[in-house]
Amino acid sequence: MAENRPPWLYQMQFKRQIEILNKDFETDIAIIGGGIAGVSTAFFALEHTNQTVTLIEKDLLAHGATGHNAGYVVNYIERPFNEIIEEFGEEMALDGYMDLESGWEKIDHMYEKASLDIPFTKIIGYAGFSTKERVFSELKTISLQRKRGIPVHKIILDKNVDWIGEILPEWNDSLELAERSEILSLLESKDDQYLACLPYKVACANSARFCEEIVEYMERTYPDRFRFFEHTPIEKILLREDGATLDALKHEIKTKRVVMCTNGFEKIRIINEGSLEIDTKFHHEVWGVIGYMAAYSEALDKAPFAAEYYTREKIQEEVKGNDPYFYVTRRPYDFGGKSSSNLISIGGPEIYLEDSEVYSRNYEYPEDAQEKIEEFAKKTFENNPIKDVEPFLWHGLMGYTKNMIRLIGEEPRNKVLLYNLGCNGVGVLSSVYGGFKVGSILGGKVFPYSIFDPK
C-alpha cells in the first residue's frame, strides 16, 4: 500500500495567506467548494455581477477532486450519446454538447483575463476501440453531430475487418479506412486488439495550479468584492425566500444566493424553510466512484500525447452505461524545480461507493490498482513508461449524478440555491462551462431549458 500522492499538488506555489472564517459574515453570493467548479463560478460571478462573492472551502484550495484528477480536459459525457438523445431529444442533446464545447473559449478567456502563463497544452488525442459494437455506436453519434455542423473528426477504421459491409451508407461520411498498423501508430500501441480510433480535441493541464492562479487574480482584481475562506466547513444551509444562512462551525454566513460546487458527498444539511424538501433529494442525486491513477517519468524526448483505450478485458466494475477504459497523457513536468521530464499519467481502475460509504483522501493506494495499470502499460506500449522510478500514485473521488449529466442551474424548489456539480468522470471543461452559466444566471441572464438543468 502507498500514500495518496498526486503530481499536481507538488506544482502549487502556496504563496497566498490562508484565511479562515473567524466571525459572522455577510455576502451577496456564497460559493461552497474551492475546486475548479467553485473557482470558475466565482470568476464569472465577479465578472457578470457587481455583487460581493465569497468562496468557501472545507479544506485547502484545489485539494479535493481538482488536485486528484487526471489532468485531462476533453468535451465528453461519460454516457452513451444515444441514451442522452432518448432522455432529452436530439436537439437538446446536441445543444448540450455544444454548450460544453464552448468551455474551451471560457478557459481561453480566463487565461487572457488573468494573464496566465501556466501550461495548457491543446493537442489531438485518440480513442482506441476494440469491438464492432463500440465502433457502430460512435459512428451513429458522429453522423448525428456532423449533420448538425458540429466539428468532430471521422473514425479511422481498419479496412480489413470482416464486418465492413454492415456499415450503414449514412455513416460513410463519418468514416475513414486505414491499415491496422496506422491505427496502432496513432495510439502508440503494440496491442492489435484496437481496430479503430477516433481523433478528438483534448488538453493537458494542472487544474490545481490553474485554480491557484485564478484565485490570486481575483484577490488582486476584486479586493473589495471577493473573499476566500479555507478550512471552513459548512454544516448546514437554511434557505429562505430572500436568502440563506450558512452554519460554519461557530459562525454564520448570511447570503442572498448560495451555489453548491462540491462533489455531492459533503455532510451538509439543506433546510428549505417552510417549503418542499431539498436535503434528501440532493444527497441521493450523486453516487461516487474512486478513480485510481499513476504517473511515471521519462526523458523529455516526445511530444505531448493523450489517448483512451477501450479494451475487451474487464479491468473494473463496468461504469454505468459505459465501457471500461484506460486513459493516458504525456506532457512536460517540472519535478520540484529540478530538470524537466515527460510525465506519463495512466488511469482506469475504479471502485464504486455506496451512498452510505465515506471516502477519505488519506486512504492508502491499493497494490492491485497499481498492478492493473502496470499490466496495461506493458501490454500496450512498445517502450513501456514504467521503469525503475518511484511513481506518483493517487486516487480521487468523482461524483456521478443519477443521469451522469452535470447539474448546472437553479434549484427549482428555491432559486436562492444553485448548483454547478457532478464531475461524471471528466469534469474540467464542464466545471468551467458550469461556472460561466451560473455566473451569468447570477447576473440576470435567462437560459433556455437544457440537459443540465436541475429537475
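Helix H5 (132-147) supplies six residues to the lining of the second largest pocket, the largest share from any element. The model is a predicted one, in which local features need pLDDT of at least 70 and side-chain atom pairs count only at pLDDT 80 or more, while totals for chains, interfaces and linings use all residues. Residues are numbered from 1 along each chain as its sequence is written, and side-chain values use heavy atoms, with hydrogens and water left out.

The second largest pocket encloses about 660 Å³ of space. Its lining consists of 30 residues, and Asn75, Tyr76, Tyr97, Glu138 and Leu198 are the closest to its centre. Besides H5, at least two lining residues each come from helix H2 (81-88), helix H3 (90-101), strand S4 (120-129), strand S7 (196-205) and strand S14 (305-310). Helices (H or I, at least four residues) and strands (E, at least two) are DSSP runs, numbered from the N terminus. By class, the lining of this pocket has 16 nonpolar, seven polar and seven charged residues. Here Ala, Val, Leu, Ile, Met, Phe, Trp, Tyr, Cys and Pro count as nonpolar, Asp, Glu, Lys and Arg as charged, and the others, Gly among them, as polar.

Pockets and cavities are found on a 1 Å grid over the protein atoms alone: a cavity is a set of points where a 1.4 Å probe fits but cannot get out, a pocket is an open set with protein on both sides within 12 Å along at least five of seven lines, and lining residues have an atom within 4 Å of a point. Grid points are joined across faces, edges and corners, and a volume is the space filled by probe spheres set on the points.

Four cavities of 30 Å³ or more are present. The largest holds about 80 Å³, and among its 13 lining residues Tyr76, Ile77, Arg406, Asn424 and Ser430 lie nearest the centre. Tyr76 is thus named for the second largest pocket and for the largest cavity.

The second largest cavity has a volume of about 60 Å³. Its lining includes Ile36, Tyr111, Phe210, Val428 and Val432, and has eight nonpolar, two polar and no charged residues. Helix H4 (103-114), helix H7 (207-221) and helix H10 each give at least two residues to this lining.

The packing of these helices comes next. The axes of H4 and H7 come within 10 Å and cross at roughly 50°; axes are lines fitted to C-alpha atoms, for helices over the stretch in contact, and angles run from 0 to 180 degrees between N-to-C directions. H4 and H7 are therefore oblique to each other, a class for angles that are not under 35 degrees (roughly parallel), over 145 (roughly antiparallel) or 65 to 115 (roughly perpendicular). H4 meets H7 through Met110, Tyr111, Lys113 and Ala114, opposite Phe210, Ile214, Tyr217 and Arg220, where contact means heavy atoms within 4.5 Å.

H4 and H10 pack at about 75° with their axes 8 Å apart, and are therefore roughly perpendicular. Gly103, Trp104, Lys106, Ile107 and Met110 of H4 meet Leu429, Val432, Tyr433 and Phe436 of H10. This contact divides into seven nonpolar, one polar and one charged residue.

Helix H1 (residues 36-48) also packs on H10 (residues 428-442), their axes coming within 7 Å and crossing at roughly 35°. Residues in this contact include Ile36 and Phe44 of H1 and Val428 and Val432 of H10. By class, the contact has nine nonpolar, seven polar and no charged residues.
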